[in-house]
Amino acid sequence: MLFQDVISRWPMILNGVMLTLTLSFVAIGLGIVLATLLTGLRSLAGAWAGYIVDAYVELMRNTPFLVQLFMIFFGLPQIGIRMNGLEASLLAMTLNLAAYSTEIIRAGVDSIHKSQIEAGLALAMSKRQVLQYVVLQPAFARVWPALSSQFVLMMLASSICSFVSVQELSGTAAIIEADTFRSFETYIVVTLIYLVLALSLKLFLNWLGHRIFPQVSGLARLDTKAEAA
Amino acid sequence: MTTFGWPEAYFILRGASWTIALTVIAFVIGGLIGGVFAIMRLSRSKLLRRIAAGYILVIQSIPVLMVLFMSYYGLSAAGIELPPFLAASASLAIYASAYLAEIWRGSIESVPRQQWEASASLALTTPQQYRYIILPQAIRISLPPTVGFLVQLVKNTSIVQVVGFVDLMRAGMLVNNATYQAFQIFTLVGAIYFAICFPLSRLSRHLEKVMNASRSH
Amino acid sequence: MPAVLIENVHKSFGDLEVLKGVSVTVESGQVVALIGRSGSGKSTLLRCINGLEAINSGRIEVAGHVVDQDQKRLRELRKDVGIVFQSYNLFPHLTVGQNIMLSPRITQNVPTAQAEKLAKDVLAQVGLSEKFDSYPDNLSGGQQQRVAIARSLAMQPKVMLFDEVTSALDPELTGEVLLVMEKLAKDGMTMLLVTHEMAFARNVASTTIFMHQGKIWESGASKEVFANPQTPEMLNFVSAGAK
C-alpha cells in the first residue's frame with residue numbers, strides 16, 4: 001500500500017478537516033439556538049404552536065438528512081430560493097440538528113418538576129426568568145450527554161454534504177481518490193481522521209459540559225438516547 | 001425533456017421496495033453480527049470484551065459513508081469487486097451491527113442480576129441461561145429501541161445511491177435528472193421515507209409506553 | 001460424612017474482609033439457623049456454599065461436592081443444593097409450572113410428562129396446586145416465595161439454603177412461608193437458613209449460629225443458645241431483636 005500519495009496532499013486534507021469542523025460547529029451553535037426557541041415556543045405559545053413544532057420535529061426525524069439536503073439544494077431553486085452547496089449544507093444541518101435537539105431538550109424540560117416552577121414564581125421571578133434559571137439551565141445540564149452524542153452524529157453526517165460538492169473532509173477524499181487512484185489508502189486515512197475527530201469532539205463536549213454545567217454530576221442525567229441523523 | 005408523471009412515480013416506488021429490502025437485509029445480517037458482539041461485550045473474558053467495545057466505538061465514530069466507500073471503492077482497488085447491492089448491504093450491516101450490539105448489550109444488562117444468580121443456582125449452563133432466562137426478557141426490553149433504530153437504518157440506506165444502487169433515493173435522483181422537477185420529486189421521495197419511518201417511530205414509542213406500564217405494575 | 005463442611009473460610013470484597021476464618025459442620029437432616037446483624041457475613045457465607053461467591057481461602061464441601069469455581073463441577077453441586085432468595089427471583093416470563101419444570105427438564109433430562117408430575121407434586125407440597133398456570137406477577141409475595149421453594153425442591157436437593165426468605169414479605173405473609181419451611185424440616189431436609197425470625201430459629205432449627213464481624217461468635221443447640229447467651233453481643237442482639 002502506498003500512503004505517500006495521500007499523505008503528501010495533507011494541506012488539502014487539512015482544509016477538508018477545517019471545513020468539516022466549521023460546518024459542524026456553526027450548525028451546532030445555530031441548531032441549539034433554534035432548538036431552544038422551538039422548545040420555548042412549544043411550552044409558552046398556544047397549542048397550535050406546539051402542533052407546528054411537533055410536526056416539524058417529526059418531519060425532520062422521519063426523513064433522511066440527504067433528502068432534506070437535496071430538497072434545499074435542488075428543490076428550493078424551483079420556487080426561487082437559490083443557494084450554493086455550502087449554504088444549503090449549513091441550512092440542512094442546522095434544521096436537522098435543531099429538530100433532534102428540540103426532542104432531547106423537551107425530555108429534559110419534562111423532567112423538571114412542576115413544583116420547581118411554582119417555587120420560582122413564588123420567589124417573584126418573572127416567567128422568562130423561571131424559564132431560564134429554573135427550567136432551561138437544569139434541563140440542559142441533564143440532557144447534555146444526549147445532546148453531545150447528537151452533535152457527534154451530526155459531525156459524522158456532515159460527510160453527506162460532499163454530495164452537493166462541498167469540499168469538506170469526505171469531499172476532499174473524493175478528489176484525492178480521483179487524483180491518485182489510491183482508493184483504499186485514501187479512505188483509510190480519511191476514516192481514521194473522522195475517528196480522531198469524533199473522539200476528540202466527544203471529549204471536548206464532555207469537558208465543556210462540566211465547565212458550563214458545574215452541577216452536572218450532581219443531577220440525575222436523563223438517559224435520552226441520541227439517534228443518527 | 002420528460003415531465004414527472006405516473007411512470008416516474010412508479011419507478012420511484014420500485015426504488016422504495018429496494019430501500020425496504022436493503023433495510024431488512026442489513027438488519028438481519030447486522031443483527032446477527034451485533035448479537036455476537038453484544039454477548040462478547042458481556043463475556044467473562046477481558047480480551048473479548050475489549051475487542052467488542054473497540055469495534056463498537058470505532059464503527060460508531062466514523063461516518064457510514066466511509067464504511068460504504070471502504071467496502072466499495074476500497075476493496076475494488078484491492079482487486080475485490082463487490083457488486084453495488086452487496087457493498088451497500090455489507091456496509092449497512094456493519095453500521096447496524098455496532099448500534100444493535102450496544103442496544104442489546106444494554107437490554108441484556110437491564111435484566112436483573114438476580115435472574116442470573118437464580119438460574120445459575122438451578123444448575124443452568126451459560127448458554128442455557130441466555131436461551132431460557134436472559135434473552136426472552138432482554139428481547140422484550142430491547143423492542144422499543146430496536147424498532148427506533150430501524151428508523152435510523154431506513155434513513156441511512158439513502159446514502160447507498162452513491163455507489164449506483166437504485167434505491168428510493170437514487171430513483172428520485174434519476175427521475176430528477178430527466179425531468180428537473182426537483183421540488184415535486186424530492187417531496188414525493190421524502191413522503192415515502194416518512195411513510196416508512198413514521199409508523200415505526202410511533203410503534204417504538206407505543207412499545208415503550210406499554211413496557212413502562214407493565215414495569216410499574 | 002457431614003452434609004455441609006466449612007473449614008476456616010476467608011472471604012473479602014476488595015479490602016473488606018467479611019468472613020474471617022469460619023468453620024461450620026452440618027449433619028444430614030440438621031436444620032441450622034444463621035443469625036446476626038446485617039454485615040456480619042451470614043448471607044455471604046450462605047452464598048459461598050453454592051459457589052455464588054468465590055472464597056479466598058479455606059474449604060467448603062457440600063453434599064459430597066467440593067466447592068470451587070470450575071463451572072462444570074459447580075453445576076453438579078447445584079443440582080444437589082437448592083437456594084431460596086430474599087427477593088424470590090422467579091422468572092417473570094415463565095408460568096409457575098414452567099419455572100419449576102425448566103431446570104429438571106434441561107439440566108437433568110427429566111421427560112416433560114414426568115417433570116410436570118414432579119412440578120405438581122412440589123406445588124402441592126407448598127399448597128399452591130391451583131397456581132400452576134399463573135404468572136409470578138399475579139401472585140402475592142408469600143405465594144411467590146412458596147413457588148421459589150417448590151422450584152428448588154423439584155431439583156430433589158440434598159441440602160437447602162434459605163437466604164432471609166421472609167425479609168421482603170409483609171408481616172402477615174411470613175407465616176405461610178415459615179410453615180412450609182417447618183414442614184420441610186420435619187420431613188428431614190438438611191437446611192441452612194439465614195433469618196431474622198428469632199422464634200423460628202429457636203423453635204425449628206436444631207442448631208443456631210450467631211455471627212458477628214465475620215466470625216462465629218456463638219453457636220450451639222438453639223434452645224440453649226437463646227436461653228443462655230454467652231456473650232454481650234449475642235445478649236444484646238437477642239434482646240433487641242425480640243419481637
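A residue is called buried when its relative accessible area is under 20%, exposed when that area is over 50%, and partly exposed in between. In this predicted model, Arg47(C) has a relative accessibility of 13% and therefore counts as buried.

**Salt bridges**

Arg47(C) is paired with Glu53(C) in a salt bridge whose closest N and O atoms are 3.1 Å apart, and Glu53(C), at 16% relative accessibility, counts as buried too. Over all chains the count comes to 18 salt bridges, and four of the pairs are set out below.

| Acidic residue | Basic residue | N to O distance |
|---|---|---|
| Glu53(C) | Arg47(C) | 3.1 Å |
| Glu164(C) | Lys42(C) | 3.9 Å |
| Asp121(C) | Lys117(C) | 3.2 Å |
| Glu58(A) | Arg205(B) | 3.0 Å |

The side chains of Glu164(C) and Lys42(C) meet in a salt bridge with an N to O distance of 3.9 Å. This pair links distant parts of the chain, since Glu164(C) lies in the loop between β7 (159-163) and α6 (171-186) of chain C, whereas Lys42(C) lies in helix α1 (residues 42-49) of chain C, 122 residues apart. Glu164(C) counts as buried because its relative accessibility is 12%, and Lys42(C) counts as buried because its value is 3%.

The pair Asp121(C) and Lys117(C) has another setting: both residues lie in helix α4 (residues 112-125) of chain C, 4 residues apart, which is about one turn of the helix. Here Asp121(C) is partly exposed, with a relative accessible area of 37%, while Lys117(C) is exposed at 53%. Elsewhere, salt bridges that share partners join Arg113(B), Glu117(B), Arg47(C) and Glu53(C) into one network.

**Strand β9 of chain C**

Strand β9 (residues 207-212) of chain C is mostly covered, with 6 of its 6 residues buried. In a regular strand the side chains alternate between the two faces of the sheet. In β9(C), Thr207(C), Ile209(C) and Met211(C) point one way, whereas Thr208(C), Phe210(C) and His212(C) point the other way, and all of them are buried.

Strand β9(C) is joined to strand β3 (residues 31-35) of chain C by 4 bridges, and these two strands run parallel; within this pairing, Thr208(C) is the bridge partner of Ala33(C). With strand β10 (residues 215-221) of chain C, β9(C) shares 6 bridges in an antiparallel arrangement, in which Phe210(C) has Glu218(C) as its bridge partner. The hairpin of β9(C) and β10(C) has 2 residues between the strands, and Gln213(C) takes a positive phi near 50 degrees in this hairpin.

**Chain B and its contact with chain A**

Helix α1 (residues 6-41) of chain B has 36 residues and reaches 50 Å from its first C-alpha to its last, close to the 52 Å expected at 1.5 Å a residue, although the helix bends by about 25 degrees at Gly31(B). Tyr10(B) has its place in this helix and counts as exposed because its relative accessibility is 53%. The C-alpha atom of Tyr10(B) is separated by 9.8 Å from that of Ala171(B), although the two residues are 161 residues apart along the chain.

Across the interface, 43 residues of chain B are in contact with 38 residues of chain A. The two chains bury about 3400 Å² between them, with 71% of it on carbon and sulfur atoms. Met66(B), Lys155(B) and Phe183(B) supply 17% of the area that chain B buries against chain A, more than any other three residues. The count between chain B and chain A is 1 salt bridge, and Arg205(B) forms a salt bridge with Glu58(A), with the closest N and O atoms 3.0 Å apart.

Definitions and conventions:
Residues numbered from 1 in each chain as written. Chains lettered and ligands numbered in written order. Predicted model: local features only at pLDDT ≥ 70, side-chain atom pairs only at ≥ 80, totals over all residues. Heavy atoms only, no water. Buried < 20%, exposed > 50% of the residue type's maximum accessible area, 1.4 Å probe, protein only. Pairing = 2+ DSSP bridges. Expected span 1.5 Å × (residues − 1). Bend = angle between axes of the 7 residues up to and from the residue. Contact = heavy atoms within 4.5 Å. Buried area = accessible area lost by both parts, 1.4 Å probe.
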